[in-house]
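New to this one? Let's take a walk through it, starting from the sheet and working out to the helices, the ligand and a couple of backbone oddities.

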Amino acid sequence: LTKQKAEKVVGWAKNHLLSSCLLPSIKGGRLYLPRECLEIAILRLQDQETASRKPTQNLKNLAKDEYESNFVSAVVPPGEIGVRFDDIGALEDVKKALNELVILPMRRPELFSRGNLLRPCKGILLFGPPGTGKTLLAKALATEAGANFISITGSTLTSKWFGDAEKLTKALFSFASKLAPVIIFVDEVDSLLGARGGAFEHEATRRMRNEFMSAWDGLRSKESQRILILGATNRPFDLDDAVIRRLPRRIYVDLPDAENRMKILRIFLGHENLEADFQYYELANVTEGYSGSDLKNLCIAAAYRPVQELLEDETKRGQNDAAPVLRPLTLEDFIQSKSKVGPSVAYDAASMNELRKWNEQYGEGG
Ligand code: ADP
């Protein structure tokens, strides 16, 4: 890193990273940067740089009016997403299903143009507990399918003036049709298109939902065939029938079992300095209930321990090493970190039961 870039990284990290174990520090004129912090910061800076280099001019030219222009900065071209299927541990069945349902039709539309049987699917739902990789899958899918990626949430369409929600929704679809192949990722789809709010639902929200559904139904042209609505939710039971019907493939992204936790851990720890014969199997066994995201947080916490020890040692000795060498990570680092990073408590047994029941009734896989 150049000095200028290092300062940018530190500045970014201080503004954006909440967890103190990720924060950089400067001691005795030296900069200490947890590896995770560095990686995240560099990625974000790259994002910012690519965003400024992005051929926004082309996208801008595509946008017909101010409503379509609202989505220009939300589009990420496939080459710039930066996540592939290989970066996702486990979930092989889900990747396989998505390959058939999405990647093939987007990459080889000519194979799907005859008859009705092999029509590409226009709506897919990924559902499951939080932190299981649904968003990651959506991004990787766009990369693998060579599709543009637009991510929206409820507030993308409703944070504007109420009257605008309907026009914005229409613009989203008209703009997307110019970007095909494209994946429109609707995170927390239940909050955008959840069960009707009854008497308390705002008239504008109701109209926006109706507009969304009818624009979705209207995707019939040849290029529109390469527009996919990919919804994700932790609460599929909040979706009403009209939405469920439009998401004919509903894929359960479950918490990983021990074998799959091992695969995910290998992704996170593959390039780390681990003790010889590191017991992945043991670690996978003692992390029952952890999601992929929990496992990542556990790994970050564990990776910080050797750094902490080194800093403490330097403080004791009153001097900083010119070329500090961190000791390898041990299984014990992870076991000790479990008290700090447990499985997400938000997903209790009752919610898991509800999800499994919904999967039996409406879903596939898991
Ligand atoms: P969700 O959308 O299901 O709530 P995310 O996709 O946002 O979960 O996952 C959060 C983070 O957890 C990801 O950015 C990634 O670092 C990690 N993660 C979760 N599942 C996996 C997995 N199967 N393989 C690799 N990383 C994962």
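## The sheet

Before anything else, keep in mind that this is a predicted model. A good place to start is a pair of strands: β5, covering residues 148–152, and β6, covering residues 182–186, run parallel and are joined by 5 bridges. If you want a spot to look for on screen, find Ser151, which sits opposite Phe185 in β6. As background, strands in a sheet pair through backbone hydrogen bonds, and they can do so in parallel or antiparallel fashion.

Now zoom out. These two strands belong to an open sheet of 6 strands, and its order reads β3-β5-β6-β7-β4-β8, with mixed pairing. Which strands sit at the edges? They are β3 (75–76) and β8 (249–252), each of which pairs on one side only.

## Helices α8 and α10

Next, some helix packing. Two packed helices are described by the angle between their axes and by the distance between those axes. For α8 (residues 164–179) and α10 (residues 203–217), the angle is about 15° and the axes are 8 Å apart. Angles under 35 degrees count as roughly parallel, so α8 is roughly parallel to α10. The way α8 passes α10 is a right-handed crossing.

Who touches whom here? On the α8 side you'll find Ala165, Glu166, Thr169, Lys170 and Phe173, and they meet Ala204, Arg207, Met208, Glu211, Phe212 and Ala215 of α10. Sorted by class, this contact of α8 with α10 has 6 nonpolar, 1 polar and 4 charged residues.

## Helices α5 and α6

Helix α5 takes in residues 92–107, and its axis comes within 9 Å of that of α6, with the two crossing at roughly 40°. That is why α5 and α6 count as oblique to each other. Here too you get a right-handed crossing as α5 passes α6.

From α5, the residues Val94, Leu98, Val102, Ile103, Met106 and Arg107 meet Leu137, Leu141, Glu144 and Ala145 of α6. The class split for α5 with α6 is 8 nonpolar, no polar and 2 charged.

## Helices α12 and α14

One more pair: the axes of α12 and α14 come within 10 Å and cross at roughly 45°. That angle makes α12 oblique to α14. The crossing of α12 and α14 is right-handed.

In this contact, α12 brings Arg261, Ile264, Leu265, Phe268 and Leu269, while α14 brings Gly292, Leu295, Lys296 and Cys299. Count them by class and the contact of α12 with α14 divides into 6 nonpolar, 1 polar and 2 charged residues.

## Around the ligand

Which residues come nearest to the ligand? Of the 17 residues around it, those are Gly133, Lys134, Thr135, Gly292 and Ser293. Some elements give two or more residues to this shell: α6 (134–145), α12 (258–269) and α14 (292–317). You've met these helices already: α6 in its contact with α5, and α12 in its contact with α14.

What is the shell around the ligand made of, by class? The split is 8 nonpolar, 7 polar and 2 charged.

## Two backbone oddities

Two loop spots are worth a look. Most residues other than glycine have a negative phi, and most peptide bonds are trans. Against that background, the bond joining Ala180 and Pro181 is a cis peptide bond, with omega about 0°. Pro181 has its place in the loop between α8 and β6.

The other spot is Ala90, which is not a glycine yet has a positive phi of about 60°. Where is Ala90? Look in the loop between β3 and α5.

Key
Residues are numbered from 1 along each chain as its sequence is written. This is a predicted model: local features need pLDDT of at least 70, side-chain atom pairs count only at pLDDT 80 or more; totals for chains, interfaces and linings use all residues. A residue is near a molecule or strand if its C-beta atom, placed from the backbone, lies within 6 Å of it. Helices (H or I, at least four residues) and strands (E, at least two) are DSSP runs, numbered from the N terminus. Ala, Val, Leu, Ile, Met, Phe, Trp, Tyr, Cys and Pro count as nonpolar, Asp, Glu, Lys and Arg as charged, and the others, Gly among them, as polar. Two strands pair if DSSP finds at least two bridges between them. Axes are lines fitted to C-alpha atoms, for helices over the stretch in contact, and angles run from 0 to 180 degrees between N-to-C directions. Angles under 35 degrees count as roughly parallel, over 145 as roughly antiparallel, 65 to 115 as roughly perpendicular and the rest as oblique. A crossing is left-handed if the near helix is turned anticlockwise from the far one by less than a right angle, and right-handed if clockwise. Two residues are in contact if their C-beta atoms, placed from the backbone, lie within 7 Å.
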